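Reader: I have a structure open in front of me and would like to learn how to read it. Could you walk me through a few features?

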Amino acid sequence: MLIDAHQHFWRIGQNDCVWPTPDLPAIHRDYGPRDLRVAAGSDLVGAVTVQSQPSDADTDWLLRLANDEPLILGVVGWVDLQSPLAPARIAALSAHPKFKGVRPMLQDLPDDAWIARPDLAPAIDALVARDLSLDALVFTRHLPHLLTLATRWPDLRIVIDHGAKPPIAGDAFDEWAEAMSRLAALPQVHCKLSGLLTEARPDQPPEAITPYVDRLIALFGPDRLMWGSDWPVVDLAADYAAWLEQARSFPALRAPPFAQAVFSDVARRFYRLDAGLQ
């Protein structure tokens, strides 16, 4: 059983879709569930669909798509957490059985410490009250501020997308690894094994990600690490099948109990997906 913990759908120019732009021709087209089935093959039993635009319209469209698409087990949407209307918006979205959490696009914000702002408290409280999660789209520079958030709200379930996009292209490791270790010490923090290939330089071999993968496995283990394709963004560096094959080739992920956890069970538990699999 394969559950993809992180993939995207979009329609260019619709539902507030402004990315990807034409300078990324490999992925500058519409993507829907049929495309995912073709890319992933028969192993895939379900996926967590994650927002790609900082837009209410995008989130609403994904939830409409999920209404009639059994492959979509959960949707992680976008909410303006700084808005006074955020708690009400979160409450309304939580009424949809496939709405599982929110993802503020922290990597694009000018303030690296934005997620630790005190005025976000009402929205964060609303997430906790509704048992919703927070996907953290971050780089290394955001991790100290994410740690502040996680420490303030120990009941907020957090998952770090793409291993915090480590600086693989710069062959940097230590600062990222140390910051990740501090977050991994908090039991509510999970991590996605996804999005790593696109952080490497085109001239680097696929094995350049290995030290980073090894550290994520060591830090989060089979209880808090989940695999995601980051499809179709992964097509900028490889493709769905190639990334899945590479992930399955890591020695620690070959053992059946560990593999079952990372490629299925952790996502099921973290995102509360069991209802969609029945």
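Author: Happy to; we will look at a pair of helices, then the nonpolar cores, then one loop residue. Keep in mind that this is a predicted model.

Reader: How are two packed helices described?

Author: Two packed helices are described by the angle between their axes and the distance between the axes. Here, take helix H6 (residues 174-184) and helix H7 (residues 210-224): their axes come within 10 Å and cross at roughly 5°. Angles under 35 degrees count as roughly parallel, so H6 is roughly parallel to H7.

Reader: Which residues of H6 make the contact with H7?

Author: On the H6 side they are Trp 176, Ala 177, Met 180, Ser 181 and Ala 184. H7 contributes Tyr 212, Arg 215, Leu 216, Leu 219, Phe 220 and Arg 224. By type, the residues of this contact are 8 nonpolar, 1 polar and 2 charged.

Reader: How many residues does the largest nonpolar core have?

Author: The largest nonpolar core has 83 residues, and Leu 81, Ile 160, Met 180, Phe 220 and Trp 227 have the most contacts inside it. Another core, of 14 residues, lies apart from it and includes Ala 5 and Met 226.

Reader: And Ala 238: where is it placed?

Author: Ala 238 sits in the loop between strand S8 (225-227) and helix H8 (240-249).

Reader: Why does Ala 238 count as partly exposed?

Author: Partly exposed lies between the cut-offs of 20% and 50%, and Ala 238 counts as such because its relative accessibility is 28%. Ala 238 is also 36 Å from Ile 124, C-alpha to C-alpha, and 114 residues away in sequence.

Note on methods: Residues are numbered from 1 along each chain as its sequence is written. This is a predicted model: local features need pLDDT of at least 70, side-chain atom pairs count only at pLDDT 80 or more; totals for chains, interfaces and linings use all residues. Side-chain values use heavy atoms; hydrogens and water are left out. Helices (H or I, at least four residues) and strands (E, at least two) are DSSP runs, numbered from the N terminus. Buried means under 20% relative accessible area, exposed over 50%, partly exposed in between (1.4 Å probe, protein chains only). A nonpolar core is a set of buried Ala, Val, Leu, Ile, Met, Phe, Trp, Tyr and Cys residues joined through side-chain atoms within 4.5 Å. Axes are lines fitted to C-alpha atoms, for helices over the stretch in contact, and angles run from 0 to 180 degrees between N-to-C directions. Angles under 35 degrees count as roughly parallel, over 145 as roughly antiparallel, 65 to 115 as roughly perpendicular and the rest as oblique. Contact means heavy atoms within 4.5 Å. Ala, Val, Leu, Ile, Met, Phe, Trp, Tyr, Cys and Pro count as nonpolar, Asp, Glu, Lys and Arg as charged, and the others, Gly among them, as polar.
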